[in-house]
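Subject: Structure handover and findings

Dear colleague,

I am passing on the structure we discussed, together with a written account of what was found in it. Please read the account alongside the coordinates and tell me if any passage is unclear.

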Amino acid sequence: MEQLRSDFLKAVRDRGFLHQCTDMDALDARAMEGPIPAYIGFDATADSLHAGSLVPIMLLRLLQRTGHKPIVLMGGGTTKVGDPSGKDEQRKLLTDDDIQRNIDGIKKVFEKFLTFGDGPTDAVMVNNDDWLSQLAYIPFLRDFGRHFSVNRMLKFDSVALRLEREQPLSFLEFNYMILQAYDFVELHKRHGVCLQMGGSDQWGNIVNGVELGRRTDDASLYGLTVPLLTTASGAKMGKTASGAVWLNAERLSAYDYWQYWRNTEDADVGRFLRLFTDLPLDEIAELEKAEGAAINDVKIRLANEATKLCHGAEAAAAAAETARKTFEQGGLGDDLPTVEIPASELAGGIGILNALTLVGLTQSNGDARRQIKGGAIRVNDQKVEHDGLTLGSDAAIDGVVKLSMGKKKHALLKVV
């Protein structure tokens, strides 16, 4: 491990991305020879990725920054099958139109983190439906199915866990690992790809691809996995009490994204700076020395850097300024989530439960009632004591009603 020579693998190790690798020494030597085309697969089950996908996204970015070629594989074909890894039940089947719409949305995410083009280290996005939909069933089974042992496949965690829990596992899903292995072989033929990367739960699938390439084409392929990330308190990365932390602005505002990183637990700050920013390691080491109240300044730096990558420098600066005005000065800020409401509607009165749900602070009237009962809700910085409160025209200050849940979540009702 200490003898690594390539910038890529040294950075992977030093920034905390490394979990497992099939042949570290050989991959290190290959990385010294010239650009490595490497890929990570993403299924198109939604029109955006969330922060739980940021580790592989940042790994592709690191790959490109150290002189190699990222291949983003969109699972237009495998999405029709469904990866059973980490799932307790079968996925809902999507139409071709649904899948294409999701791919279009996800591509917007990658365009922020990677440079696409035709150069030797420019990223490309490919869709495995281009080849999977063309497969003839019998020839595919004959040429590739014979290389897979059902006995071994049954032992993979993605399959074994479902069987142990006596939860249904369709034959459709059971095929997923074969198709993923075939993707690796096909990408090697089409794009010279020699490295597949992914989360640690994909290790078995990745090894299958490495072995399939060796058996069918005598290809030297490699696999590398990253750790599955949880926060210091054990929470799943990319999830909050109010839902997923989406990477598309249409799904989550830049301000809310900034707040997610600003609220990082103290114990996670250094690790997250290494994984989710481009800051140099020596600078991160200095930032990690912060203690007491100074840690909050480092969290703001983390939020600024992470938001800059995902939403741009301007949006990051606006989010930081909004937070400063809101929390340091008690002001409203210009970038808080805002919902416009006709003056006539406010004049007629709007219930606090409806208002909270309308601006997205709560998910339902029941959720709003619970928050009010717990003392978490304020209107114009005044605590709401009962859930029967009705907001009228007199609630607007300079044409705006400020709604808050807790100390850090705010939204505005703007009278128009």
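Among the contacts in the protein chain between residues at least 6 apart in sequence, 73% join residues that are at least 24 apart. Please keep in mind that this is a predicted model, and that every value below was computed from it. Of the 416 residues in the protein chain, 49% count as buried, while the exposed area comes to about 19500 Å², with carbon and sulfur atoms supplying 48% of it. For 416 residues a compact globule would have a radius of gyration near 22 Å, and the 24 Å found for the protein chain agrees with that. The C-alpha trace spans about 75 × 50 × 40 Å along its principal axes, and the protein chain holds 19 helices and 15 strands.

Two open sheets are described here, beginning with one of six strands, in which the order is β1-β6-β5-β2-β3-β4 and the pairing is mixed. Its edge strands are β1 (20-21) and β4 (124-127), each of which pairs on one side only.

Within this sheet, strand β2 (residues 37-42) has five of its six residues buried, and it is therefore largely enclosed by the rest of the structure. On one hand, β2 runs parallel to strand β3 (residues 69-74), to which six bridges join it; Ile-40 has Val-72 of β3 as its bridge partner, and Gly-41 has Leu-73 of β3. On the other hand, β2 pairs with strand β5 (residues 195-199), again in the parallel sense, over two bridges, and here the bridge partner of Ala-38 is Leu-195 in β5. The connection to β3 involves helix α3 (residues 54-65), since β2, α3 and β3 together make a right-handed β-α-β unit.

Helix α11 (residues 203-217) also belongs in this part of the account, as its buried residues pack against β5 and β6 (222-226), and also against the helices α7 (150-153) and α10 (176-191). The buried residues of α11 include Gly-204, Ile-206, Val-207, Val-210 and Leu-212, but Asn-205, Asn-208 and Glu-211 are among them as well. As a check on its geometry, the 15 residues of α11 should span 21 Å at 1.5 Å a residue, and the end C-alpha atoms are indeed 21 Å apart, which agrees. The residue that follows α11 is Asp-218, and its phi is positive, near 55 degrees.

The other sheet is likewise open and has five strands, arranged in the order β9-β15-β14-β11-β12 with mixed pairing. At its edges stand β9 (338-341) and β12 (382-383), each with a single partner strand, so that one side of each is left without a neighbour in the sheet. Further in, strand β14 (residues 400-405) and strand β15 (residues 409-415) pair in the antiparallel sense over six bridges, and Lys-402 stands opposite Leu-412 in β15.

With best regards

Methods. Residues numbered from 1 in each chain as written. Predicted model: local features only at pLDDT ≥ 70, side-chain atom pairs only at ≥ 80, totals over all residues. Heavy atoms only, no water. Buried < 20%, exposed > 50% of the residue type's maximum accessible area, 1.4 Å probe, protein only. Helix = DSSP H or I, 4+ residues; strand = E, 2+ residues; numbered from the N terminus. Pairing = 2+ DSSP bridges. Right-handed = clockwise from strand over helix to strand, strands pointing away. Expected span 1.5 Å × (residues − 1). Contact = heavy atoms within 4.5 Å. Rg over C-alpha atoms; globule rule 2.2 N^0.38 Å. Areas by Shrake-Rupley, 256 points an atom, 1.4 Å probe, with all protein chains shown as cover.
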